[in-house]
Amino acid sequence: MENHDPWKHRSAGMKCSTCMWFVGKQHADMKEGDFWKIGRCRRHAPTMNGYPAVKPDDWCGDHRLDENKV
């Protein structure tokens, strides 16, 4: 039996960096065209600690594609 996983790479297009809820955190030495190193997920209301910190290559089930980021 072949080990075929139909869900493999399913999340490849669902990274935080392409999500409409992702807000990247700017850093002092950031130049035009640089990628975000970390950001915040604003999908749900903030907790006492604020919005959760996420990396651009993280993903979750609440991903919604932002056409301006693709």
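Of the 70 residues of the protein, 17% count as buried, and this figure, like every value below, comes from a predicted model. The surface that the protein exposes amounts to about 6200 Å², of which carbon and sulfur atoms supply 52%. Among contacts between residues at least 6 apart in sequence, 45% join residues at least 24 apart.

**Strands and sheet**

The protein has 0 helices and 3 strands, and reading along the sequence gives the pattern β-β-β. The 3 strands form an open sheet in the order 1-2-3, with antiparallel pairing. Strand 1 and strand 3 stand at the edges with a single partner strand each, so one side of each is left without a neighbour in the sheet. Strand 1 pairs with strand 2, residues 39–41, in the antiparallel sense over 3 bridges, and one of the residues involved is Gly-24, whose bridge partner in strand 2 is Gly-39.

**Cysteines and the nonpolar core**

A search of the whole structure finds 0 disulfides. Cys-16 is in no disulfide, and the nearest cysteine sulfur, that of Cys-60, is 6.0 Å away. Cys-19 is likewise in no disulfide, the nearest cysteine sulfur being that of Cys-41, 6.3 Å away. Why are these two residues without a disulfide partner in this model? A disulfide requires a pair of cysteine sulfur atoms within 2.5 Å, and the nearest sulfur lies 6.0 Å away for Cys-16 and 6.3 Å away for Cys-19.

In soluble globular proteins, nonpolar side chains tend to be buried together. Which residues make up the largest nonpolar core here? This core has 5 residues, namely Cys-16, Cys-19, Phe-22, Cys-41 and Val-54. Cys-16 is buried, with a relative accessible area of 11%, and Cys-19 is also buried, with a relative accessible area of 7%. Phe-22, which is placed in strand 1, is buried as well, with a relative accessible area of 6%.

The contacts of Phe-22, not counting residues up to four places away in sequence, include the core members Cys-16 and Val-54, and they also take in Ser-17, Trp-36, Ile-38, Gly-39, Arg-40, Pro-56 and Lys-69. Phe-22 and Arg-43 are 21 residues apart in sequence, yet their C-alpha atoms are 8.0 Å apart in space.

**Thr-18, His-63 and Lys-69**

Thr-18 is found in the segment before strand 1, which spans 22–24, whereas His-63 is found in the segment after strand 3, which spans 53–54. What joins the side chains of His-63 and Thr-18? A polar contact of 3.1 Å links them. The side chain of His-63 also has a polar atom that lies 3.2 Å from the backbone oxygen of Lys-15.

Thr-18 counts as buried because its relative accessibility is 17%, under the 20% cut-off. His-63 also counts as buried, at 17% relative accessibility.

Beyond residues up to four places away in sequence, His-63 touches Gly-13, Met-14, Lys-15, Thr-18 and Cys-19. On the same basis, Thr-18 touches Gly-13, His-63, Arg-64, Leu-65, Asp-66 and Lys-69, while Cys-19 touches His-63, Arg-64, Asp-66 and Lys-69.

Lys-69, like His-63, is placed in the segment after strand 3. Is Lys-69 buried or partly exposed? At 33% relative accessibility, Lys-69 counts as partly exposed. Leaving aside neighbours within four places in sequence, Lys-69 is in contact with Ser-17, Thr-18, Cys-19 and Phe-22. Lys-69 and Met-20 are 49 residues apart in sequence, and their C-alpha atoms are 8.1 Å apart in space.

The table collects the accessibility of the residues discussed above.

| Residue | Relative accessible area | Class |
|---|---|---|
| Cys-16 | 11% | buried |
| Cys-19 | 7% | buried |
| Phe-22 | 6% | buried |
| Thr-18 | 17% | buried |
| His-63 | 17% | buried |
| Lys-69 | 33% | partly exposed |

Taken together, the segment before strand 1 contributes Thr-18 and the segment after strand 3 contributes His-63 to a polar contact of 3.1 Å between their side chains. Lys-69, from the segment after strand 3, is in contact with Thr-18 and also with two members of the largest nonpolar core, Cys-19 and Phe-22.

Terms used
Residues numbered from 1 in each chain as written. Predicted model: local features only at pLDDT ≥ 70, side-chain atom pairs only at ≥ 80, totals over all residues. Heavy atoms only, no water. Helix = DSSP H or I, 4+ residues; strand = E, 2+ residues; numbered from the N terminus. Buried < 20%, exposed > 50% of the residue type's maximum accessible area, 1.4 Å probe, protein only. Contact = heavy atoms within 4.5 Å. Polar contact = N/O pair within 3.5 Å; in protein donor to acceptor, adjacent residues only side chain to side chain. Pairing = 2+ DSSP bridges. Core = buried A, V, L, I, M, F, W, Y, C linked by side-chain atoms within 4.5 Å. Areas by Shrake-Rupley, 256 points an atom, 1.4 Å probe, with all protein chains shown as cover.
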